[in-house]
Amino acid sequence: MEFMYQDLPKIGLLGGGQLGRMLLQAGIDLDFQISCLDPDPEAPCHRLAHEFTQGSFQDFDTVYQFGQAHDLISIEIEHVNIDALEKLAAEGKQVYPQPHLLRMIQDKRSQKQFFQQYGFPTADFRLIESREEIHQYLDFLPAYQKLGKGGYDGKGVQLIANAEQIDEGFDAPGLLEKAVDFEKELAVIVARNIHGEVKAFPAVEMVFHPVQNLVEFLISPAAISEAIEAQAVDIATRLIQEMKMVGLLAVEMFLTKDGQVLINEIAPRPHNSGHQTIRANVTSQYEQHLRAIAGLPLGDTSTTVFAGMLNLLGEAGYTGKVKYEGLAEALAIPGVYPFLYGKKVTKPFRKMGHVSIIGKSREEVEEKANQVKKIIRVIS
C-alpha cells in the first residue's frame, strides 16, 4: 500500500497528559496534526496541541463529537468512553487501539481471562465480586487484590497477606492474584501497524516505589540472559498478534526466581517504561505509536546506549505551585536529560516529570541515577 504524504490523518487524541505531550513532540517531525481532549484546561498538552478541547474523555457525547472532527482517534489513557469509540468505528472512523480491545483492557478481570484463554503465562488468580468473598480464598493468600476497573498508576492494588487484612480490602468487583516470588520486574513495549507489521523494543528492568507502586527507576537493557530476553519479547509479540491490536502495547512482566516470565498487566498506549526510548533507542515509543496508527513502516527499535529513567514525583508534604530544586545542578551532569511535564501544581507523589540518563555502561547509568536522586526535589 502506497502511503502519500498528503494522506497523513488528522488525529484526535483522548487525553492531554504527559504521554500526549511527548506524542505531540514526536508528531512535529512528521507534521502530524494532533488535537487533544482533556478535562483539565491546564493539561500538559493544552499549549502544544494543534487544537485543544476541554471536556471529559469519559462522556459519550463529548468523545463522539470530538471524534467526528478527526480522521483517526487514539488515546494516551485507556479510561475513556468505549461506547462512543465503538459508534465512531461503526461509522467508519479509524479508532486505534480498537475499541473492543480497550474495553477488555479496561477491566483487569477481562485481561487475566484473555491471558488464560489464549495460553499466555500469568500468575494464578481468582475473580471476586466483593471484599467478603476473599474469605472463601484464605488458602490462596498472600495475594494482591486488584480492582477490576478504575485502578491506575498504582491505585486499586493492595496486598492481602492474611485473613486479618481482608477488612482493609476493596469492596468492589476485582480479582485476587497470587503473590509471585519474583527476581525482577520487566517490561517489553511492542507495536503493530495497520498492515500487521510487528516490532518489539528490548526488555527493560523496573524498580517500583515502595509506597506508591509507581515505576521509580528503570534501566535499559535489562540485565537478563539472552534466553529470558527472547522469551519476554516472544510473549509480547505473540500477544499483540493474537489481539490483532493496532498501536503500541506495553507488557509488564515478572521474572520469577525459577526463570519463568509471567505477564502482570498490559497498557495499550505509550508507557512509563518507555520514556527512555526518546534518548536511548533509534526510534522512540512515541514515534512508533504514531507510525503504527497511521499505517507507516515501523521504526528501528534498537537500543543505542545504556539508559535509565527516574520519575520525578512531588515530594511528600508539598502542595502548591511547583519548584524544581537542583535542576541546574543535575543538568551539569553529562548524559542527564530532564523532561518536565508542564504541570503548574505539585502534590505528594504526583508525576511531574522524569529524567532520562544515558551512559556507556549499566554501572555508569546507575551511578548518575543515584546522584540525580539526591539532587532534584520537586517542591512548592
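The side chains of Arg-126 and Asp-124 meet in a salt bridge, with N and O 3.0 Å apart. The model is a predicted one, and a search of the whole structure finds 19 salt bridges. The points below cover some of these salt bridges, an open sheet of five strands and the crossing of helices H4 and H5.

**Salt bridges**

- In the pair of Arg-126 and Asp-124, Arg-126 counts as partly exposed at 29% relative accessibility.
- Asp-124 is also partly exposed, and its relative accessible area is 40%.
- Glu-265 forms a salt bridge with Lys-146, and their closest N and O atoms are 3.0 Å apart.
- Glu-265 belongs to strand S15 (residues 261–267) and Lys-146 to strand S7 (residues 143–147), so this salt bridge ties together parts that are 119 residues apart in sequence.
- Glu-265 and Lys-146 are both buried.
- Another salt bridge links Glu-364 and Lys-368, where the closest N and O atoms are 2.9 Å apart.
- Helix H10 (residues 362–375) holds both Glu-364 and Lys-368, which are four residues apart, or about one turn of the helix.
- Glu-364 counts as partly exposed because its relative accessibility is 27%, while Lys-368 counts as buried at 10%.
- One network, built from salt bridges that share partners, joins Lys-112, Lys-146, Glu-177 and Glu-265.

**The five-stranded sheet**

- Five strands make up an open sheet with parallel pairing, in the order S3-S2-S1-S4-S5.
- The edges are strand S3 (52–54) and strand S5 (94–95); each has a single partner strand, so one side of each has no neighbour in the sheet.
- Strand S1 (residues 10–14) and strand S2 (residues 33–38) run parallel and are joined by five bridges.
- Lys-10 has Gln-33 as its bridge partner in S2.
- Helix H1 (residues 18–28) packs on the sheet and touches S1 and S2.
- The direction of H1 makes about 170° with that of S2.

**Helices H4 and H5**

- Helix H4 (residues 99–106) and helix H5 (residues 108–117) have axes that come within 5 Å and cross at roughly 105°.
- The two helices, H4 and H5, are therefore roughly perpendicular to each other.
- On the H4 side, the contact is made by Met-104, Ile-105 and Gln-106.
- On the H5 side, the contact is made by Lys-108, Ser-110, Gln-111 and Phe-114.
- Sorted by class, the contact of H4 with H5 has three nonpolar residues, three polar residues and one charged residue.

Key: Residues are numbered from 1 along each chain as its sequence is written. This is a predicted model: local features need pLDDT of at least 70, side-chain atom pairs count only at pLDDT 80 or more; totals for chains, interfaces and linings use all residues. Side-chain values use heavy atoms; hydrogens and water are left out. Axes are lines fitted to C-alpha atoms, for helices over the stretch in contact, and angles run from 0 to 180 degrees between N-to-C directions. Angles under 35 degrees count as roughly parallel, over 145 as roughly antiparallel, 65 to 115 as roughly perpendicular and the rest as oblique. Contact means heavy atoms within 4.5 Å. Ala, Val, Leu, Ile, Met, Phe, Trp, Tyr, Cys and Pro count as nonpolar, Asp, Glu, Lys and Arg as charged, and the others, Gly among them, as polar. Two strands pair if DSSP finds at least two bridges between them. A salt bridge is a side-chain nitrogen of Lys or Arg within 4 Å of a carboxyl oxygen of Asp or Glu. Buried means under 20% relative accessible area, exposed over 50%, partly exposed in between (1.4 Å probe, protein chains only).
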